[in-house]
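Thanks for asking me to look this over. My comments follow as numbered points, to be read with the model open beside them.

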Amino acid sequence: MQKLYFIVNLLAGRATIGDKLGEIIDEFNKAHFEVTVHITQSGTDAADSANYACENGFDLIVCAGGDGTLSQCLQGMMKSRSRVPIGYLPAGSTNDFARSLGIPKNTMDAVKWITSGTATPCDIGSFNDNYFSYIVAFGAFTSVAYETSQQVKNVLGHVSYVLNGMMQLSTLRSKRMRIEYDGNVVEGDYIFGMVTNSASVAGLLSMNDFYLDDGVFEVTLIKKPANLIQLQQIVRSLLNISVEIDKDYIKFFRTNKITFTSLSDEEITWTRDGEYGGNAVENVICNCQRAVSFMIGERGMPAYDDPIENYLAEV
């Protein structure tokens, strides 16, 4: 019988995962797993728990929570001397990374997805001294995820991000930055930037033609608009990213390493997997190709083959 370490965030999403714990554990037992359950006690507890599981002979880690809980598990795994496969039971408000993996929305279907799945290597990002599963970002709207209270998220779900994002439109500030990647060095004023490995961001923006194990990230940069009309056009482009791209202000490219440096010496505030990611003048992001294996069900990951290459542009 294999040993499974089950990390559970009871507060994630609409806080319903606790109602199904017995049924979930029973399903794992039927699949011949001996289950050890750990309920997270703090924001960083999942990282310590995942590290413990990696270092103490467990065969599989399962994380039940939102993208932030999963991100914390990855901190512990990446800093361990050994890594074990991880299964993800999405229970958050948006679950962007779960969409990219193709995990079923129904909890018990997701459990069976794990028990019948295959350990599949995926890319993980390093961000300064930490790690992320699908996004790091700065600028407009990036504080929405971690500044929206869990109570509001539980009640409103995706709508809470939209409402809080709308309230930030009147306070947008650009960042004067130097951006270095693949031998290129560019400078400019940006209101938003993100480095992603995901099919969607905050349940709103959609990205096609990407792979979770190709060793590169997709980078999106938005330059400072001159007026409100241009800002509105940018927002429309973001909400219809595969159809309408405002090339004057929105730029895409791919890279495996990128450095962002503030030219004003003002620290840049980042979000990492929907949580507060810290402040720094210089920020280095690298792709750790196929660094962690996720349990992927028999259907496999979705095929994101709708090309956006026609929209890719140099900064």
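1. Let me begin with the rings: which residues form one aromatic cluster with F138? The members are F127, F138, F260 and W270. Please keep in mind throughout that this is a predicted model.

2. The wider count is 13 aromatic pairs in the structure. In the pair made by F138 and F260, the ring centres are 5.7 Å apart and the planes meet at 65°, so the geometry is edge-to-face. This pair ties together distant parts of the chain, since F138 belongs to strand β7 (residues 135-139) and F260 to strand β14 (residues 257-262), 122 residues apart. F138 counts as buried because its relative accessibility is 0%. F260 is likewise buried, at 0% relative accessibility.

3. Another ring deserves a glance while you are looking at aromatic side chains. K3 lies over the face of F58, 4.6 Å from the centre of the ring.

4. Next, I would turn to helix α5, which spans residues 107-115. Its buried residues are T107, M108, A110, V111, W113 and I114. As a reminder, an α-helix has 3.6 residues a turn, so residues three or four places apart point the same way. What do the buried residues of α5 pack against? Their partners are the helices α1 (21-30) and α4 (96-101), together with the strands β3 (60-65), β4 (86-90) and β17 (282-296). At the start of α5, the backbone nitrogen of M108 has a side-chain oxygen of N106 within 3.1 Å.

5. Strand β17 also holds M295, a residue worth following from the other side. Is M295 buried or exposed? With a relative accessibility of 13%, M295 falls under the 20% cut-off and therefore counts as buried. Leaving out residues up to four places away in sequence, M295 touches W113 and I114, as well as L60, P85, I86, G87, G117, T118 and A119. Of these, L60 is 235 residues from M295 along the chain, and the two C-alpha atoms are separated by 9.1 Å.

6. A smaller point concerns S49, in helix α2 (residues 45-55). The relative accessible area of S49 is 4%, so this serine is buried. Which residues does S49 contact, once neighbours within four places in sequence are set aside? They are Y5, I7 and H38.

7. For the overall picture, the chain contains nine helices and 17 strands. Of its 315 residues, 53% are buried. Among contacts between residues at least 6 apart in sequence, 75% join residues at least 24 apart. The chain exposes about 13700 Å², with carbon and sulfur atoms supplying 48% of that area.

8. Finally, a word on confidence. The chain has a mean pLDDT of 81, and 75% of its residues reach 70 or more. Where does pLDDT stay under 50 while the model has 42 contacts beyond four places in sequence? That is the stretch of residues 144-163. Over residues 306-315 pLDDT also stays under 50, and there the model has 30 contacts beyond four places in sequence. Where pLDDT is low, the predicted coordinates should not be read in detail.

Note on methods. Residues are numbered from 1 along each chain as its sequence is written. This is a predicted model: local features need pLDDT of at least 70, side-chain atom pairs count only at pLDDT 80 or more; totals for chains, interfaces and linings use all residues. Side-chain values use heavy atoms; hydrogens and water are left out. pLDDT is the predictor's confidence in each residue, from 0 to 100. Contact means heavy atoms within 4.5 Å. Rings of Phe, Tyr and Trp (its six-membered ring) pair if their centres lie within 6.5 Å; planes under 30 degrees apart count as stacked, over 60 as edge-to-face and the rest as tilted. Helices (H or I, at least four residues) and strands (E, at least two) are DSSP runs, numbered from the N terminus. Buried means under 20% relative accessible area, exposed over 50%, partly exposed in between (1.4 Å probe, protein chains only). A charge sits over a ring if NZ of Lys or CZ of Arg is within 6 Å of the ring centre and within 35 degrees of the ring normal. A polar contact is a pair of N or O atoms within 3.5 Å; within protein, one must be able to donate a hydrogen and the other to accept it, and residues adjacent in sequence count only if both atoms are side-chain atoms. Accessible areas come from the Shrake-Rupley method with a 1.4 Å probe; for residues, only the protein chains shown count as cover.
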